[in-house]
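Please follow this walk through the model with the sequence and the coordinates side by side. The paragraphs below take up helix crossings, sheets, loops and an enclosed space in turn.

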Amino acid sequence: MSKVQVTYSAPLVYLSSDQWSQIRATITSQFPLKDITWRSSSRPAARIISKLDVSFVNLDTVREEHASQIPQSLLDRPLLNIYVVSCEDTDVYKATVRRQIKDWLSIVNQRKNQEWLILLVIRPDNRTPAQGFFAIKGNVLERLRADFNTDKRDRCVQLTWSQGTVTTSACAELTSKMKEGIVSAFDSAVSQRLEDVRRSENQRQMPGWNFCTFFILKETLASTFTGMNLLDDAILAYSELEVSFLQSQTSSLSGHISWFGKLITPDPYDDSLPLLDITKKPYRDLILRNTITIFDFRVYLLAKHCDVLGRSGHVTEFAKKASNFLSAFSQRLKASNASLPPFFIESWVFSSALNVVSECDKWIASSNLDTAATSSVSAAKGELLELARIQLDKIGIHFGHLPNAVPFSMSLYNHGPESEPTTPTTPTDASEQKITNKMLLESMNNQAAFDNLYLDTINRAIELYVKGGRRKFALRLHGFLAALHLERERLKEASQVYSSLPAHYVPHSWTSLSMFMQARRLDVHDKLGNPRNREWVDIVLSFFKGFVEDQMHVDLAIIGKESLREYMDRLLQSVRQCVSEMEKGMIVNDNPMLSVMLQSEDASYTNDEDGSCIKVVVRNALPCDIAIDAIRLSFAGPNSDRLDFTAQDQVLVPGLTTLTLSTPNPTFGLFVLESSELTLSKLTLRWNYRFDVKQGRFAKKFNQHSSSLLRIPRDYGAVNVRIDDPKFGAFSVVKLDAPHTFLLTVFSGRNTIDTGIIKLPDSQKVRFLLKDAQRTEKDGEISLECFEDYIQFSGLKPESRLQLQIPYTDQATMDALRITTELQYWTSVNPSLARSAKFIRHLATALPLMIQAHDHFRGKSLISSYTISTSPGTYQHLRVSAVDLESVEDEQGGLVIMGCRSNNRILTVTPNQPAHCLFHVRSEQPRIANASLNLHIKYRLLREEIEDILNLHVLTALKKVAKPSYHAELVQNRLLKALEHDSKWVEIFNVTGQLLVDPKALPEEDKYQESLSAVTDMVIESLRENQLKPYEEFWKEVVIPVDLPFKNVIAATDIHVHSKLDSRGLLCPLYAGQPVSATVSISSSCHWVGPTGQSSDKYRYTIKFDIQEMVDDWLISGHKRGEFIATDGSTYSISLTLIPLHHGELALPQVNITPLPVGDSGGGAGAMSSKILPSVEVYQKHGAERIIVLPPGGPTTFVVDLGE
């Protein structure tokens, strides 16, 4: 690489002095120059030259006339010239030195793109004392600047020489001036050369334009940038040169490129000489003479480009560029049909790849690469060695060292169908070859030498791939090692490698390689005579998986005399035989040799028996038939239900096969596919599609063309179970303090159930007493046995039902009870087939109504008011037919209860409209004993009443048209949806009892409802005519225990106003402000004192009274508050004076009564230690009275404003 030249000149006497030797040594020690900034108009940003090598030479040793017109680099000529002056006397300067400098400048100025500098050397004792280290010797330095700084640039610098030595710091100004001069000259030279290149490039389309001349011009720039350590600019220049060359080949004049010789004229050792050595041929002279071949030109350009990449530390790009060049240009040589020695291309690629790897090692040693860069370089070197391995594959196949089979034969097609070795079709003795690579020559006729070379190359590539983090590529090369072991009959080594490789290929999705290794593993397994066991079956199934996932390479993986179908069928039969002999079966997950998809999202059912069926399409990806013993699809439904569809003994042909799968268990709803299984003897192929909660997705997609959802319609003719509240007779009475029961009804539908078993699994808080179950209907043909854990029945005919009353213990506090009924049954159609069904029903345990009681005591009477409303959150309408209050346990007797509503009228309770019931309870004797009451309410939900009405009408219509009764629910549900659409019918039904269904509100009919449209019309007409009545006995009755309320004291207050009478015996009017006397009476009663065991006249209570202040209406004078003793039948009276404060109708003041605490005995004389506060109820007898007060009489003065 050229260095920047800086020349020096001085008188010969001075140059031979010791002083100059010392000064020259000090200046040279400043090299290389550092941190030089180059700003150029041709570059968008400034360039920083971190280090610049400089050659400091005598001007007399540089002969300009010997320089080339087109130099290899602009640095071949000096960029800076320095004249050294050692003169401190101005007279001497004027006499001789100035003339010497002018003579020197006359020579330097004739040279283009060169700068100059004058260096004045002085002694420190001649410096001005007050000035610094670089003090200027006034006269001489000023004369120099005045005489030679003509272009306003300071080209004169002073250097102080002290005691025979010059310090480094003394050269700082000189170094700075040298940097400026070098950059200025460099910029001028580059600008001129760029202009020359641009001018040449613009003449590209003109006749006589020569690419080689253009190349030399631009290469000069690249070499110059390299010498200036501007490596990025040099890389860009070489890249542009390569692009220009490729463009010249593809231009319209590329039919005959006159600037180059032939594509290639191989010289001796061209195939083995170092690729990146530019001294092996006079490349530059060949380019200038236009006789260089394209082969040599591309090699020269690559070598120069790679040299700059290596210097800049881009070793990875260095290796990749060489690898790409070898791959691409070898193909061009192959396609050109050039006259080449046999195996020239293979030898050249092999030798060049190894040379590039060696050069990379040199650059790595001289570069400080980090871990990531080192890893990347190792991977690139591995690619070069693999390229060398490909050449060995071609040579080995030709000379019979390797078989013409996979994987070695893949190298013949690695770069296209024309990538066969450059050799005649018959083997040639090595002594006749014209290639010069000794390793290849030795390996051609020596298998052992070939194996050693082959193994060394592959092992080096594997090691580099591992260092480079390319584990997949290293694993792929292990396959070649295994193939070589197999070819050399080293079966154990081959089996070991083939056994380990597939597991490493799977994570990288290298299906074809994994498949190939498994096929070879099977061959080695048979050759070794190993037994066929589970491991062997896994290998075969993995091979089938690879065949399905990558069928493009199946012909490369399976090579034999038999056809592909026969080969696969033989493996499949071997697998079946192998698993049939195993003690335990095998389960294999997610093998793609078979796949299942639903043909439709909707299942169907038959009218003959319970159950449903689906259509599935099974894809057999193998080229042979597969006989399966069973196929099963498992679905997950609501409430953790599982449903299996199965089919037995099927043959799956290659491609698609449609199968019908069925299940005998009746169910309906939306299900999702959970898994599918196909069984071959003891081998089960399974695919799971469960939803992964953590990942938020399904574990495996079912099929990209099929949904995993299945909709099973309701089969109304199938067995059904219903859970209801008790509705019949004594069972319909719900007592809050009695054990709970519910109705369980089994509907047979179309079936004749020979035997059925009912199970009700207990929960933690609910236990079902199955042994105590009772039938609500007697049918002698149905036998029933109740046990602790289940109920067994038999003889249930079609279209009939079995209804059971089942008690249970409930410790739960929920408003609804979730009951799971498991039913297993056998029908007469298929007695050997056990069918099962699970029914999950919810039973409302909380009452849909809420009771609020209000009690009012009036002497011997108790007025009880009950408000019936719907429970919060139910939003249901309630129908109430009767409300009664009865005495159950009355120890004392004498209670008389009377209601105030008719039992013939049905009340409708809505969330916004409660019902009120009033009862009068009278006791002639004081109540000193307890009594229990029961509140009886007969009710039902409006929805239940509507369902009963619809059921009655639908059954009647079905009977008329001779349709099975189990269709009733289908028609009834459709009518209910119509009623839910609009609520206008509710008001009409509450008033008239007529249920009107709008036919327009009916939902669209499905295929199961079309045959029942006539029944629907008949029911609508029957409802309109109101010909049938619902079952009156289907009323529920709830009995709510009510305790008789008690009060210690019942006080009645009264204020009597004493008005005077006039002469006619009439009350005198009362005027505002007129005092009037009044008497306040407080009557006390202990009639409802409660069960204390004592008579009512034994009780004495201290009562505090307080008359309400009404400051806006009355002025009260008298004893307004105080205490009195209340006994049974006593009356306490006080006198007051009332003064009305204004006229109008005035209400009388209220009298507030507050009891004071008494002792435990309840008597007035008892101790006060326990502080029991007696209960008191007060009512104001005068509460509704009003006093008319007239305005006061007398004169009235009015002031009237008459204006001005």
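**Helices, sheets, loops and a cavity**

Helices H21 and H24 are oblique to each other, the orientation class left over once angles under 35 degrees are called roughly parallel, those over 145 roughly antiparallel and those of 65 to 115 roughly perpendicular. The model is a predicted one, in which local features need pLDDT of at least 70 and side-chain atom pairs count only at pLDDT 80 or more, while totals for chains, interfaces and linings use all residues. Residues are numbered from 1 along each chain as its sequence is written, and side-chain values use heavy atoms, with hydrogens and water left out.

The axes of helix H21 (residues 942-960) and helix H24 (residues 1013-1025) come within 9 Å and cross at roughly 125°; here axes are lines fitted to C-alpha atoms, for helices over the stretch in contact, and angles run from 0 to 180 degrees between N-to-C directions. Helices and strands are DSSP runs numbered from the N terminus, helices being H or I with at least four residues and strands E with at least two. H21 passes H24 in a right-handed crossing, a term for the near helix being turned clockwise from the far one by less than a right angle, whereas an anticlockwise turn makes a crossing left-handed.

How do H7 and H9 cross? Their axes come within 9 Å and cross at roughly 160°, and that makes H7 roughly antiparallel to H9. The crossing of H7 and H9 is left-handed.

The sheets come next. Strands of a sheet pair through backbone hydrogen bonds, either parallel or antiparallel, and two strands are said to pair if DSSP finds at least two bridges between them. One open sheet is formed by five strands in the order S25-S26-S22-S28-S29, with antiparallel pairing. Its edge strands are S25 (783-786) and S29 (835-844), each of which pairs on one side only, and the twist averages 20° from one strand to the next. Within this sheet, strand S22 (residues 753-759) and strand S28 (residues 816-827) pair in the antiparallel sense over six bridges, and Ile757 has Gln824 in S28 as its bridge partner.

Another open sheet has four strands in the order S30-S31-S35-S33, and the pairing is again antiparallel. Strand S30 (849-858) and strand S33 (895-899) stand at the edges with a single partner strand each, so one side of each is left without a neighbour in the sheet. The twist averages 20° from one strand to the next. Ten bridges join S30 to strand S31 (residues 861-870), and the two run antiparallel; the bridge partner of Arg858 in S31 is Ser861.

Two loops hold backbone features to look up in the model. A cis peptide bond, with omega of about -5°, joins Phe31 and Pro32, and Pro32 lies in the loop between helix H2 (18-28) and strand S2 (33-38). Asn229, although it is not a glycine, has a positive phi of about 65°, and its place is in the loop between helix H6 (211-227) and helix H7 (231-250).

Last comes the enclosed space. A cavity is a set of points, on a 1 Å grid over the protein atoms alone, where a 1.4 Å probe fits but cannot get out, and lining residues have an atom within 4 Å of a point. Four cavities of 30 Å³ or more are counted, and the second largest has a volume of about 60 Å³, a volume being the space filled by probe spheres set on the points. Residues lining the second largest cavity include Asp270, Lys280, Tyr283, Phe295 and Trp348. The elements that give two or more residues to that lining are helix H9 (294-311) and helix H11 (344-366), and its largest share, three residues, comes from H9.

Terms used. 1 Å grid on protein atoms, 1.4 Å probe; cavity = no way out; pocket = protein on both sides within 12 Å on 5 of 7 lines; lining within 4 Å.
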